[in-house]
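Work through the exercises below with the structure open. Each task is followed by a solution in steps.

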Amino acid sequence: MSQELVLGIYVFIMAIFVGFEVISRVPSVLHTPLMSGTNAIHGIVVLGAFLVAGSADTPLLHTLGFIAVVFGAANVFGGFVVTDRMLEMFKKREIPQGEKKDA
Amino acid sequence: MLDVRGSVIASSYIVAAILFIFGLKQLSSPSTARSGNRLAAIGMTIALSATLLDRQIVSFWTIAIGTLIGAAIGVYFARTVQMTAMPQMVALFNGMGGATAALVSVAEFLRLTRAGERIGLGEGTSIVLGTAIGAISFTGSIVAFGKLQEILPGKPLQFPLQRVVNALILLALFILGVMVVTQGGSTTLWTVFAAALVLGAMFVLPIGGGDMPVVISILNSLTGLAAALTGFVLHNQMLVVAGVLVGASGTLLTLLMSTAMNRSVANVLFGAFGATSNETGAAASAVGHTVRQTTPEDTAIALAYARSVVIVPGYGLAVAEAQHTVRELATDLENRGVNVKYAIHPVAGRMPGHMNVLLAEANVPYDQLLEMDQVNGQFPQTDVVLVVGANDVVNPAARDNPSSPIYGMPILDVDRARNIIVLKRSMGHGFAGIDNALFYHEKTRMLFGDARQSLTQIGQALKSA
């Protein structure tokens, strides 16, 4: 195994723990916005689409890259905007037992 | 050592990763959730801008035009979608992310093959898995979207030997995948892509609409995983970190949801829940039990002269978009001195927290929303329970009838209240497709019709009550 692959696997495993640790404290009220917010974050894959589309040198690669960028961008922008819309509705209220509810 | 550009990109990725983690953390409290989402969006902007500095990128046109079109589509739908259609929106965006991951994996494979570069074992495996998982997530999400949007039937769709066929596709995927890793071959990889597309659809079709929250959550974590795998393919740690964060959170959410339904994830996925006709339930209900109907006027009087009312919202409330109407009715009742609360079952609706989001949109105060454990002890002292379009989450069979398919699922004990009024479109079954003894209970009155219309009529009758 290459040094880089080993490093990648380390990052992979650490990120699993960070993901669980950070997210396990979310109250159920916020589960839908959380799902939507993480949905936007995995739109980061558009970054890969940028790399593919930007370095394409055949019509097929251009087409694949282009479709990937369109889909990925829709995921990122749509995801963040829709999450913001959901959370907007929570802001007016004072925070009562919100956090105490089952975390 | 890294050159200047490389250093800028690398440090931007580190900043972005930290912003993602803080963003997720802030999403854990209602007061900071919105800024958490914005932190994550800032992190995304930084990561994407830094990527444009990458030397591998020589042409910007495809990126610029593609991003503009994608962003326009995404923002348009995100802005215009009804709050009630949120679950299918998340499914749709998730599917797009999955498709992106699959296409990126395929394209990178084609590029490497063309350039005559040797594809290592780690890279090859990541390419195959990224392609397959991304494609499964894509068609799976599209089917989930179709079911929630009611383009496809919500009932489980089954055909003979379904599991055998799915298992064969999975086996074929595995064999083709091994071939790609060991021998290469772009046709073989395209076949993997196509087979995974079919498998994604076949995997979600037999799952009932009521289980879609769990399915969307699984697909969400799958897309995260696919994104992380493209990170291995492209040697990009940013993709690995962000993808895995989503994969982990999606997995956790999935487990939380299945726990709330007292079922295993495997049972949700392979149980074809609600497809089997429930002989015992149907027989029990047919034995001379009658349904007692009521009118909006009688309902209004019952509510007006109650001291305490608990409203139990369900998917029917979302379908009828009745959240504002129910809130108006509750306010009228409160002005008359009635104590009104809402009982929220953890899996009511089609997404975890679905009901909370809808009621928050209608400005229902948080402190009126009670969770299952808080409210269950209060039902015996409750004068009237108003069930608005909920079914399986109030089915006493889950508590009392060991032969029921939902036996063991925690429910709201509404049958312990003094009076129960159920607003429902018809005597049709819930998404679990099973009969509900609550509707035949002697304390229960049924008010048939569209939830919003019924609530409006009750509201009007209340004014003269």
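## Exercise 1: the sheet of chain B

Chain B of this predicted model holds an open sheet of 6 strands in the order 3-2-1-4-5-6, with parallel pairing.

Task: Determine which strands of chain B are the edge strands, and find what packs on the sheet.

Solution.
1. Strand 3 (369–371) and strand 6 (444–448) of chain B each pair on one side only, which makes them the edge strands.
2. From one strand to the next, the twist averages 25°.
3. At one edge, strand 2 (residues 339–344) and strand 3 of chain B run parallel and are joined by 3 bridges. B:Ala343 is opposite B:Leu370 of strand 3 of chain B.
4. Helix 14 (residues 323–335) of chain B packs on the sheet and touches strand 1 (308–313), strand 2 and strand 4 (384–388) of chain B. The direction of helix 14 of chain B makes about 175° with that of strand 1 of chain B.
5. Helix 15 (residues 354–361) of chain B also packs on the sheet, in contact with strand 1, strand 2 and strand 3 of chain B. Its direction makes about 145° with that of strand 2 of chain B.

## Exercise 2: a helix pair

Task: Classify the packing of helix 6 (residues 162–183) of chain B against helix 7 (residues 186–204) of chain B.

Solution.
1. The two helices pack at an angle of about 155°, and their axes are 9 Å apart.
2. Angles over 145 degrees count as roughly antiparallel, so helix 6 of chain B is roughly antiparallel to helix 7 of chain B.
3. The crossing of helix 6 of chain B and helix 7 of chain B is left-handed.
4. Helix 6 of chain B contributes residues including B:Leu170, B:Leu173 and B:Gly177, and those of helix 7 of chain B include B:Val192, B:Ala196 and B:Leu199.
5. By class, the residues of this contact are 15 nonpolar, 4 polar and no charged.

## Exercise 3: domains and the chain contact

Task: State how far apart the C-alpha centres of domain 1 and domain 2 of chain B lie, then describe the side of chain A that touches chain B.

Solution.
1. The domain assignment of chain B gives domain 1 (59–270) and domain 2 (279–464).
2. Their C-alpha centres lie 36 Å apart.
3. The contact between the chains takes 84 residues from chain A and 96 residues from chain B.
4. On the chain A side, the elements giving two or more residues are helix 1 (3–23), helix 2 (31–41), helix 3 (46–54) and helix 4 (59–91) of chain A.
5. Helix 4 of chain A gives the most, with 31 residues.
6. The side of chain A that touches chain B has 50 nonpolar, 24 polar and 10 charged residues.

Notes: Residues numbered from 1 in each chain as written. Chains lettered and ligands numbered in written order. Predicted model: local features only at pLDDT ≥ 70, side-chain atom pairs only at ≥ 80, totals over all residues. Axes fitted to C-alpha atoms, helices over the stretch in contact; angles between N-to-C directions. Helix = DSSP H or I, 4+ residues; strand = E, 2+ residues; numbered from the N terminus. Parallel < 35°, antiparallel > 145°, perpendicular 65-115°, else oblique. Left-handed = near helix turned anticlockwise from the far one by under 90°. Contact = placed C-beta atoms within 7 Å. Nonpolar A, V, L, I, M, F, W, Y, C, P; charged D, E, K, R; others polar. Domains from an automatic or database assignment. Pairing = 2+ DSSP bridges.
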